[in-house]
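Welcome, and take a moment to turn the model around before reading on. We will start from one residue and work outward from there.

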Amino acid sequence: MSKVKIQGNASGTGVLTVTAPNTSTDRTITLPDTTGTLLDENSSVPAANLTGTVADARISALTASKLTGALPAISGASLTGIPVTGLTSQQVFTSSGTWTKPTGITKIKVYICGGGGGGGSGNSNSWTQWTAGGGGGGGTAVKIIDVTSISSVTVTIGAGGVSNNVNVSSTAGGTSSFGSHCSGYGGGAGAYQNNVGQGGGATGGDYIIYGDSGTKNSVYSSVWFYGGKGGASFFGRGASGTTQLGVQGGGGQGARAPDTGGGSDGTDGGAGFCLVEEYK
């Protein structure tokens with residue numbers, strides 16, 4: 001039969017004590033048939049010896065300071081329970097309404113743009129100086145907002161400015177707002193005598209993108225003196241034709257005046273716009 005031998009260490013002076021546990025049951029300790037050193041809490045197990053599957057119940061916590069070296073490649077199909085982060089959705093507003101926070105969203109990035117100014121109206125005088133300037137583009141505010149404690153926000157979309165009848169002043173674009181957080185101002189109205197509408201500004205944003213101002217007339221034909229073009233917003237073009245309207249905050253086209261006398265109407269600016277990017 002095999003024997004058990006306990007051998008002292010000639011270099012040591014300490015006493016090794018083997019203490020029995022507090023038990024009333026007989027216990028048996030079976031030693032492995034191999035040569036080596038017993039592991040303790042300060043020992044390391046070679047990676048080559050770690051095989052098979054470790055039951056979930058065996059792993060209660062991993063200490064970050066114990067994780068060193070490179071991790072092996074892991075199939076993405078095996079990764080579960082990892083939260084989704086980053087841009088996950090967006091909402092667009094072309095008319096006034098309410099932004100409602102989707103489940104799990106913690107931050108949003110808002111772009112809010114004012115309405116475009118109406119193109120200038122014509123004048124009954126036939127001379128080129130009476131052609132009208134284009135309306136200005138709406139300004140845009142851009143803002144990142146923590147919505148952890150916010151569930152909804154009122155969104156107001158400014159109307160596009162109106163190009164009125166001959167000799168009647170056109171109107172500026174309306175202000176768009178995202179609650180009290182930020183606002184984009186409408187572009188200015190164009191007017192006859194080649195007065196252009198100025199591009200709109202904004203307030204409350206982390207940064208502001210100004211709308212372009214309208215332009216004066218620059219083209220002459222044998223029949224028409226063309227009015228100025230509408231200024232663009234961050235999101236939409238200004239009108240550049242007598243039947244075009246401004247788009248998403250773009251300004252309206254200025255009216256044209258004919259050689260033979262009499263005036264004409266310009267075109268309206270585009271309504272404002274709002275884009276809300278949603279992040280987890």
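Leaving aside its neighbours within four places in sequence, which residues is W99 in contact with? Keep in mind as you look that this is a predicted model. W99 touches Q91, F93, I108, V147, S151, S152, V153, V155, F178, V276 and E278, once the neighbours within four places in sequence are set aside.

One name in that list deserves a second look: F178. Both W99 and F178 are buried. A pair of aromatic rings is described by the distance of the centres and the angle of the planes. The chain has 5 aromatic pairs in total. In the pair of W99 and F178, the ring centres are 6.2 Å apart and the planes meet at 55°, so the pair is tilted. W99 belongs to strand β2 (residues 97–100) and F178 to strand β6 (residues 176–178), so their pairing ties together parts that lie 79 residues apart in sequence.

W99 and F178 also take part in something larger. The largest nonpolar core of the chain has 18 residues, and those with the most contacts inside it are W99, I108, V110, F178, C274 and V276. Two or more residues of this core come from each of β3, β4 (140–146), β5 (152–156) and β12 (273–279). Strand β3 gives the most, with 3 residues. Another core lies apart from this one; it has 5 residues, among them Y111, C113, V142 and L275. In soluble globular proteins, nonpolar side chains tend to be buried together.

Now step back to the whole chain. It holds 0 helices and 12 strands. Of its 280 residues, 34% count as buried. Among contacts with a separation of 6 or more, 70% are between residues 24 or more positions apart. The chain exposes about 17,400 Å², and carbon and sulfur atoms supply 52% of that area.

Y111, which we met in the 5-residue core, leads to another aromatic group. Y111, F234, F235 and F273 form one aromatic cluster. How are the rings of Y111 and F234 placed? Their centres are 6.2 Å apart and their planes are at 0°, so this pair is stacked. It links distant parts of the chain, with Y111 in strand β3 (residues 107–113) and F234 in the loop between β10 (224–225) and β11 (257–258), 123 residues apart. The two partners differ in cover: Y111 counts as buried because its relative accessibility is 10%, while F234 has a relative accessible area of 43% and is therefore partly exposed.

Next, find T203 in strand β8 (residues 202–203). T203 is partly exposed because its relative accessible area is 36%. Not counting residues up to four places away in sequence, T203 touches A141, C182, S183, Y185 and I208. Measuring from C-alpha to C-alpha, T203 and K143 are 9.9 Å apart in space, although 60 residues separate them in sequence.

Finally, let us visit the surface. Here I74, L79 and I82 form a nonpolar patch, and together they have about 310 Å² of accessible area. L79 sits in the segment before β1 (87–93). Is L79 buried or exposed? With 44% relative accessibility, L79 falls in between and therefore counts as partly exposed.

Technical notes: Residues numbered from 1 in each chain as written. Predicted model: local features only at pLDDT ≥ 70, side-chain atom pairs only at ≥ 80, totals over all residues. Heavy atoms only, no water. Patch = residues over 30% accessible without salt bridge, like charges linked within 9 Å, V, L, I, M, F, W, Y side chains within 5 Å. Areas by Shrake-Rupley, 256 points an atom, 1.4 Å probe, with all protein chains shown as cover. Salt bridge = Lys/Arg side-chain N within 4 Å of Asp/Glu carboxyl O. Helix = DSSP H or I, 4+ residues; strand = E, 2+ residues; numbered from the N terminus. Buried < 20%, exposed > 50% of the residue type's maximum accessible area, 1.4 Å probe, protein only. Contact = heavy atoms within 4.5 Å. Phe/Tyr/Trp six-rings, centres within 6.5 Å; stacked < 30°, edge-to-face > 60°. Core = buried A, V, L, I, M, F, W, Y, C linked by side-chain atoms within 4.5 Å.
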